[in-house]
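Q: Please take a close look at the strand pairing in this model and at the side chains and rings that accompany it. A connected account would be preferred to a list.

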Amino acid sequence: MNATAQTIPIVANTTSKIETVIGPNCRMSGTLQSDGGIRIEGIFEGNLQATGNLVVAESARVIAEIQAYNVIVSGQVKGNITANKVEITETGKVWGDLNVNSMLLHEGAYLRGNTNMAGDLEPPTFEPPRIAAPRPVAAIEGEVDAS
């Protein structure tokens, strides 16, 4: 965990409605900014900023630095993601660092990168287990029967 992790400054989601769609036959590059939600089904390269949610569909390929409120990845993303919450589904693949408040990885999801969670939570202090003093072995009276 990164000791310098800070609270993620994400503007509250003003709408859960998807307003922008990059279709499966579309290839786009550049900077995309939206005050609403975005769904990508095609290919996008560049920088992506959304105050709403970002959905990366199973058919999508994204190479970008991403900032969004919530991000759901079912396709492929190469680049760092800063979000309130990131969910990577069983078909989703991410190569990049995550800066998040919370995350959800489904079984089969792929993530290669560092994950930094906001907050300055210090790990708890654990005491080593106490070793009990050895108990004296009871004296054996008489001889042991070897039969």
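A: In this predicted model, Phe44 has Val62 as its bridge partner in β6. That pairing belongs to a set of seven bridges between β4 and strand β6, which spans residues 61-73, and the two strands run parallel. Strand β4 (residues 43-50) is also joined to strand β2 (residues 27-34), here by eight bridges and again in a parallel arrangement. Within this second pairing, Gly30 is matched with Gly46 of β4.

Strand β6 covers residues 61-73, and Val71, Ile72 and Val73 are among the residues touched by Glu87. Glu87 itself lies in strand β8, which comprises residues 81-88. Its other contacts, when residues up to four places away in sequence are left aside, are Leu104 and His106. With His106 there is, in addition, a polar contact of 2.7 Å between the two side chains.

The charge of Glu87 deserves separate attention. Glu87 is buried, yet it has no salt bridge. The nearest side chain of opposite charge is that of Lys85, at 4.6 Å; a salt bridge would require the side-chain nitrogen to lie within 4 Å of a carboxyl oxygen. The polar contact with His106 does not alter this assignment, because His is not counted among the charged residues.

The aromatic residues can be treated next. A search of the whole structure yields one aromatic pair. It is formed by Trp95 and Tyr110, whose ring centres are 5.5 Å apart and whose planes meet at 50°, so the pair is classed as tilted. The two residues come from distant parts of the chain: Trp95 is in strand β9 (residues 93-95) and Tyr110 is in strand β11 (residues 110-112), with their positions 15 residues apart in sequence. Trp95 counts as partly exposed because its relative accessibility is 33%. Tyr110, with a relative accessible area of 32%, is likewise partly exposed.

A final position to consider is Gly119, located in the segment that follows β12 (115-117). Its relative accessibility is 24%, and Gly119 therefore counts as partly exposed; the cut-off for a buried residue is under 20%. Gly119 and Val100 are separated by 19 residues in sequence, while their C-alpha atoms are 9.8 Å apart in space.

Terms used
Residues are numbered from 1 along each chain as its sequence is written. This is a predicted model: local features need pLDDT of at least 70, side-chain atom pairs count only at pLDDT 80 or more; totals for chains, interfaces and linings use all residues. Side-chain values use heavy atoms; hydrogens and water are left out. Helices (H or I, at least four residues) and strands (E, at least two) are DSSP runs, numbered from the N terminus. Buried means under 20% relative accessible area, exposed over 50%, partly exposed in between (1.4 Å probe, protein chains only). Rings of Phe, Tyr and Trp (its six-membered ring) pair if their centres lie within 6.5 Å; planes under 30 degrees apart count as stacked, over 60 as edge-to-face and the rest as tilted. A polar contact is a pair of N or O atoms within 3.5 Å; within protein, one must be able to donate a hydrogen and the other to accept it, and residues adjacent in sequence count only if both atoms are side-chain atoms. Contact means heavy atoms within 4.5 Å. Two strands pair if DSSP finds at least two bridges between them.
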